[in-house]
Amino acid sequence: MITTFILLLISKILNRGIDCKPDGARIEEAWKYVNDHQMDRHICIMVDYGYPSGCNRLWVWDFDDEEVLLECPVAHGRGHNSKRKDPPRFSNEEESWLSSLGKCRIAERYQGRFGTSYRLDGLEESNSNLRKRAIVIHAYRTVPQQSIFPLPSGRSKGCIMVAQKNMDLIDEYLHDRKDVLLYTYCSNE
């Protein structure tokens with residue numbers, strides 16, 4: 001408990017130079033997309049893999065009030081034979097263990113190996129294999145609840161992984177909604 005507190009305190013001190021926030025142009029693009037494709041017009045989830053993994057780089061965005069409802073770290077796919085310090089790479093290929101970029105629909109809720117999870121349907125060529133690859137949103141113990149930058153977050157096999165408490169909040173936002181947009185991008189590409 002004391003070690004966690006000390007790590008969070010050090011992280012807060014070192015994190016002062018990074019302002020992690022969703023890109024306004026991407027939010028506008030998401031808004032246009034949900035309107036053009038008859039998707040949920042109240043919230044969406046944005047993930048910017050351009051920020052370091054220990055930062056808050058997942059946001060639940062409220063279109064109605066134009067504000068962030070939740071921000072938290074999210075893991076990215078580790079790939080094969082990569083080192084922890086390597087920048088994220090992206091793929092739509094099966095067995096790549098990499099995250100995919102693009103817009104997708106958050107589909108059905110289910111109880112899986114990691115508890116409450118949501119399946120994803122890719123809406124672009126860059127992520128059209130999400131369901132086939134079993135890429136989902138779920139909780140995992142190696143992902144911190146809040147920013148720990150400059151320390152890294154855990155890594156996934158391509159899934160959108162967050163801390164359990166954050167998954168509980170995401171589930172509250174998604175539970176009664178259909179066709180919510182999840183938009184993953186990399187601002188430095």
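Visitor: In this predicted model, how many residues lie between β2 and β3 in their hairpin, and which residue in the turn has a positive phi?

Guide: β2 and β3 form a hairpin with 4 residues between them, and in that turn E66 takes a positive phi of about 50°. The two strands run antiparallel, with 5 bridges joining β2 to β3, the latter covering residues 67-72. To follow the register, one can take V60, whose bridge partner in β3 is L70.

Visitor: Which strand pairs with β2 over 5 bridges in addition to that hairpin partner, and in what sense?

Guide: Strand β1, residues 43-48, pairs with β2 in the antiparallel sense over 5 bridges. Here the register can be read from C44, which has W61 as its bridge partner in β2.

Visitor: Is β2 largely enclosed or left open by the rest of the structure, and how do its side chains point?

Guide: Strand β2 spans residues 58-62, and because 5 of its 5 residues are buried, it is largely enclosed by the rest of the structure. L58, V60 and D62 point one way from the strand, whereas W59 and W61 point the other way, and all of them are buried.

Visitor: How should one read the nonpolar interior, and which residues of the largest core touch the most other members?

Guide: As a general idea, nonpolar side chains in soluble globular proteins tend to be buried together. In this structure the largest nonpolar core has 26 residues, of which I45, L58, I106, L120, I170 and L182 touch the most other members. Apart from that core lies another, of 17 residues, with C20, A30, F149 and L181 among them.

Visitor: What is I106 in contact with, once its neighbours within four places in sequence are left aside?

Guide: With those neighbours left aside, the contacts of I106 include I45, L120 and L182, each of which is also listed with I106 among the core residues that touch the most other members. Its contacts also include Y118, R119, I137, L174, D179, V180 and L181.

Visitor: How many salt bridges does the structure hold, and where do K103 and E29 lie?

Guide: The general idea is that side chains of opposite charge can pair when their charged atoms come close. The structure holds 12 salt bridges, and in one of them the side chains of K103 and E29 meet at 2.8 Å, N to O. K103 lies in strand β4 (residues 102-112) and E29 in helix α2 (residues 24-36), so the pair ties together parts that are 74 residues apart in sequence. K103 counts as buried, at 5% relative accessibility, while E29, at 33%, counts as partly exposed.

Visitor: Which distant parts of the chain does the pair of D171 and R109 link?

Guide: The side chains of D171 and R109 meet in a salt bridge of 2.7 Å, N to O. This pair links helix α3 (residues 164-174), which holds D171, to strand β4, which holds R109, the two residues being 62 apart. D171 is buried, with a relative accessible area of 12%, and R109 is partly exposed, with 36%.

Visitor: What does D121 form with R131, and which residues are joined into one network?

Guide: D121 forms a salt bridge with R131, the closest N and O atoms being 2.6 Å apart. D121 lies in strand β5 (residues 115-122) and R131 in the loop between β5 and β6, 10 residues apart. D121 counts as buried at 16% relative accessibility, whereas R131 counts as partly exposed at 37%. Salt bridges that share partners join R105, E108, R119, D121, R131 and D179 into one network.

Terms used
Residues are numbered from 1 along each chain as its sequence is written. This is a predicted model: local features need pLDDT of at least 70, side-chain atom pairs count only at pLDDT 80 or more; totals for chains, interfaces and linings use all residues. Side-chain values use heavy atoms; hydrogens and water are left out. Buried means under 20% relative accessible area, exposed over 50%, partly exposed in between (1.4 Å probe, protein chains only). Two strands pair if DSSP finds at least two bridges between them. A nonpolar core is a set of buried Ala, Val, Leu, Ile, Met, Phe, Trp, Tyr and Cys residues joined through side-chain atoms within 4.5 Å. Contact means heavy atoms within 4.5 Å. A salt bridge is a side-chain nitrogen of Lys or Arg within 4 Å of a carboxyl oxygen of Asp or Glu.
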